[in-house]
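Student: I should like to understand how terms used for a protein model are justified. May we go through them one at a time?

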Amino acid sequence: MSATAQVKALTPQAIAARKGGAPVVCLTAYTTPVARLVDPHCDLVLVGDSVGMVLHGLPSTLSVTLDMMILHGQAVRRGIEKALLVVDMPFGTYEESPQQAFRNAARLMAETGCGAVKLEGGQSMAETIRFLVARGIPVMAHIGLTPQAVNAFGGYTVQGRGEGADKVRADARAVADAGAFSVVVEKIPESLARAITGEISIPTVGIGASPACDGQVLVVDDMLGLFTDFRPKFVKRYAEVGRIADAAIAAYAADVRERRFPAAEHVFPDGPAGGIAA
Ligand code: KIV
């Protein structure tokens with residue numbers, strides 16, 4: 001990571017200043033090559049704990065560890081120049097106390113070079129957000145459907161319908177008042193997303209929360225068609241990279257079996273010992 005890259009990268013303050021302005025464009029990334037692809041087009045790149053399900057084949061995000069987030073955060077950092085890098089705090093690394101959250105958030109920032117951390121929870125996390133922000137750790141909040149609470153919710157269900165709306169609204173106000181610079185709002189009805197976005201002073205970044213939000217985020221493997229285990233309604237597929245890769249791998253396997261690969265152009269001719277490999 002170079003000092004120049006740090007200076008050029010968008011800051012949490014710059015993202016916060018986008019409230020009500022040009023939509024904030026966000027995607028996840030977990031590796032250096034994908035970070036290089038998304039960085040020129042995105043304002044914010046999130047190393048989400050979705051990495052556990054998307055790259056590691058885990059059934060939920062619950063067993064993602066701080067070490068996993070650090071490793072992927074470091075990889076993504078190497079591929080980013082201009083976007084703000086945000087790294088998720090995994091389940092069990094921040095809920096116990098503000099002090100526990102600070103210790104682990106500080107490690108994430110020091111070891112990955114990220115510009116901010118994200119954590120899940122509304123009113124219950126407000127004190128922790130305030131504690132982190134007061135100590136120099138910019139926080140992106142995450143409310144609505146918070147996947148780390150999947151067991152408490154009883155599934156990945158839409159949040160904030162009917163009487164549940166008041167709680168999500170109170171969560172949004174609580175994280176904004178606590179000093180979060182923006183908030184991910186996941187899987188809530190459009191009318192609620194619109195109300196929250198109009199009500200709080202920080203940008204709402206929606207995922208399954210309608211165009212009423214100040215920005216949008218998707219899991220990059222979902223929108224590229226690389227993660228196909230399931231497809232939430234809110235995902236738009238912009239490419240079928242998985243299908244393209246499958247066809248390419250099938251063609252390679254057929255070529256090897258039929259001895260069409262390697263061909264002459266892939267083979268090293270005889271030459272002097274130690275000659276330049278070409
Ligand atoms: O883990 C993640 O990728 C996320 C986004 C989907 C917002 O939290």
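Tutor: Let us begin with the whole chain, which is a predicted model. Of the contacts between residues at least 6 apart in sequence, 60% join residues at least 24 apart. The chain holds 12 helices and eight strands, and buried residues account for 49% of its 278 residues.

Student: What makes a residue such as Val-168 in H9 count as buried?

Tutor: The term requires under 20% relative accessible area. Val-168 is buried, as are other residues of H9, including Ala-165, Asp-171 and Val-175. The buried residues of H9 pack against helices H7 and H10 and strands E5 and E6.

Student: How do you know that the span of H9 is close to the expected one?

Tutor: H9 has 14 residues, and the expectation at 1.5 Å a residue is 20 Å. From first C-alpha to last, H9 reaches 20 Å, so the span agrees with the expected value.

Student: Why are H5 and H6 called roughly parallel?

Tutor: Helix H5 (residues 66-77) and helix H6 (residues 98-112) pack at about 30 degrees, their axes 9 Å apart. Angles under 35 degrees count as roughly parallel, and H5 and H6 are therefore described in that way.

Student: Which residues of H5 and H6 meet, and how do they divide by character?

Tutor: Among those of H5 are Leu-66, Met-69 and Arg-77, while those of H6 include Asn-104, Leu-108 and Glu-111. The residues of this contact divide into four nonpolar, four polar and four charged.

Notes: Residues numbered from 1 in each chain as written. Predicted model: local features only at pLDDT ≥ 70, side-chain atom pairs only at ≥ 80, totals over all residues. Heavy atoms only, no water. Helix = DSSP H or I, 4+ residues; strand = E, 2+ residues; numbered from the N terminus. Buried < 20%, exposed > 50% of the residue type's maximum accessible area, 1.4 Å probe, protein only. Contact = heavy atoms within 4.5 Å. Axes fitted to C-alpha atoms, helices over the stretch in contact; angles between N-to-C directions. Parallel < 35°, antiparallel > 145°, perpendicular 65-115°, else oblique. Nonpolar A, V, L, I, M, F, W, Y, C, P; charged D, E, K, R; others polar.
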